[in-house]
Amino acid sequence: MRNNASWLAAGFLLTFASSFGQTFFIAVFAGEIRAAYGLTHGGWGTIYAVATAASAAVMIWAGSLTDRFRIRYIGVTILAGLALSAAAMSWIGGVWALALCIFLLRLFGQGLMGHCAMVAMARWFVARRGRAVSIAGLGVASGEALLPIVFVALMGFIDWRLLWLVAATGLLLLIPVLWALLRKERTPQFHSQADGGSGMAGRMWTRAEVFRHPVLWLMLPALMGPAAWNTAFFFQQVPLAEAKGWAHVSLVSLFPIFTATSVTFMLLAGGIVDRIGSRRLAGFYLLPLVLGYTVFALAQTLIWGAVGIVLLGMGTGLHAMMMGTFWAEAFGTRHLGAIRAMIGAFMVLGTAIGPALTGVLIDAGFDFPSQSFGIAAYFACAAFLAGMAGRKVDADLSIRDDQHSTSHE
């Protein structure tokens, strides 16, 4: 950490800045936005889902820019774009303009900012890739823990539109910090052409090749699941509390436990991944989510709700680590920006599908606790398929490692 402080700090800064385009931050202003534009819950949810899905589509192209430009330049550009998007939220006057702003916040924030950070960590680090990803991931965890509380408190005496200007100003102030941290970009000890940066078959896979490979499609339910259903969990927190007969504030008081648990397990997983590889965790890392949603389906008290939150935090921390390391391990780092852009687009699409689908089911009479049984079953199936993908990657890399060892005997 001491030798790589500036690069790790840059990764932390980028993921922290992504908070301003994440659901947990935008949702702070949901009531004010609906009141200002005369939107129902369904209307607001539809705008959010469509804008998010559109940002996922653009991510497929825009995310590949990290393969062509230095993180120093593209990171500053994304920060500026997110700052302008936040500033626009303070003066827009129509529903279509609102949809455009949400699209830009989701694209620059949740999409490109986090993508940029994780591509950088996976490319800059090899032997300590897992730990680097976990340290960078602390940025968004910090934002999740701090920003909603701070901005909800500020809304007590500052107009919500002015608070978006505060957010924009903060993002602009981060630009010179990022520029200074990345005066010199890190070159890993293993060059990207070496075995340390290559994937299966000792190759650097292109996005088109990855798209045709069965590993991607086996991992697809696993990579979309947490994005869809965890986003839905937080998006539907009010209907969930009502269905359980809990006070909303009591449920929200459990959320810091989620953040603390996810951070803890992300850090623990970083060390494990560096020792055994992410592909060997693929079949197991979703199991806490299977248990967590089962608990929420059955829980009658807040104590059991806290147990469910802990399990969701465990699964979320492990998932963040897996998505930061698995794709570099399986397919190499040369085209990682384009590959992760495609992966990120699937995940962002999941964040659009989850809230919309659960909302429709709630309207149809299926409350969120009832849906949690189905979500748990989804994660069980996804874990089985991810395990198959992990075994495919592990078998290939193990053969390569054996051949490499034999050649040096």
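Which Phe and Trp residues form one aromatic cluster? In this predicted model, the cluster is made up of Phe12, Phe16, Phe20, Phe25, Phe29, Phe151 and Trp164. It offers a friendly place to begin, and the aromatic rings can be followed from there.

Across the structure, 25 aromatic pairs are found. One of them joins Phe25 and Phe151, whose ring centres lie 5.0 Å apart with the planes at 85°, so this pair is edge-to-face. The two partners come from distant parts of the chain: Phe25 belongs to helix 2 (residues 23-26) and Phe151 to helix 7 (residues 129-154), with 126 residues separating them. Phe25 has a relative accessibility of 0% and therefore counts as buried. Phe151 is buried too, because its relative accessible area is 5%, under the 20% limit for that class.

A second edge-to-face pair is formed by Tyr73 and Trp179, with 5.5 Å from centre to centre and 65° between the planes. Here again distant parts of the chain are linked, since Tyr73 sits in helix 5 (residues 71-88) and Trp179 in helix 8 (residues 160-181), 106 residues apart. Tyr73, at 44% relative accessibility, counts as partly exposed, and Trp179 is also partly exposed, with a relative accessible area of 36%. Both rings of this pair thus fall in the range between buried and exposed.

Trp179 has a charged partner as well. The charged end of Arg72 sits over the ring of Trp179, at 3.6 Å from the ring centre. An arrangement of this kind also involves Arg203, whose charged end sits over the ring of Trp205, 4.3 Å from its centre.

Charged side chains provide the next part of the picture. Side chains of opposite charge can pair when their charged atoms come close. The model contains four salt bridges. Among the residues involved, Arg279, Arg280, Glu329 and Asp394 are linked in a network, and its individual contacts can be traced one by one.

Arg279 forms a salt bridge with Glu329, in which the closest N and O atoms are 2.9 Å apart. This contact links distant parts of the chain: Arg279 lies in the loop between helix 13 (255-276) and helix 14 (287-298), whereas Glu329 is in helix 15 (residues 302-331), 50 residues away. Glu329 counts as buried because its relative accessibility is 12%, and Arg279 is likewise buried, at 11%.

Arg279 also meets Asp394 in a salt bridge, with an N to O distance of 3.0 Å. In this case the loop between helix 13 and helix 14, which holds Arg279, is linked to helix 17 (residues 368-407), which holds Asp394, and the two residues are 115 apart in sequence. With a relative accessibility of 19%, Asp394 counts as buried, because the limit for that class is under 20%.

Asp394 takes part in a further salt bridge, this time with Arg280, at 2.9 Å from N to O. Since Asp394 lies in helix 17 and Arg280 in the loop between helix 13 and helix 14, this pair ties together parts that are 114 residues apart in sequence. Arg280, at 39% relative accessibility, counts as partly exposed.

Helix 6 deserves a look of its own. This helix covers residues 95-124 and has 30 residues. From its first C-alpha to its last it reaches 42 Å, close to the 44 Å expected at 1.5 Å a residue. Helix 6 bends by about 35° at Leu112. Of its 30 residues, 24 are buried, so helix 6 is largely enclosed by the rest of the structure.

Cysteines complete the survey. A disulfide is a covalent bond between the sulfur atoms of two cysteines. The count of disulfides in the model comes to zero. Two cysteines can nevertheless be described by their surroundings: Cys101 counts as buried because its relative accessibility is 4%, and Cys116 is buried with a relative accessible area of 1%.

Note on methods: Residues numbered from 1 in each chain as written. Predicted model: local features only at pLDDT ≥ 70, side-chain atom pairs only at ≥ 80, totals over all residues. Heavy atoms only, no water. Disulfide = S-S within 2.5 Å. Buried < 20%, exposed > 50% of the residue type's maximum accessible area, 1.4 Å probe, protein only. Salt bridge = Lys/Arg side-chain N within 4 Å of Asp/Glu carboxyl O. Helix = DSSP H or I, 4+ residues; strand = E, 2+ residues; numbered from the N terminus. Expected span 1.5 Å × (residues − 1). Bend = angle between axes of the 7 residues up to and from the residue. Phe/Tyr/Trp six-rings, centres within 6.5 Å; stacked < 30°, edge-to-face > 60°. Lys NZ or Arg CZ within 6 Å of the ring centre and 35° of its normal.
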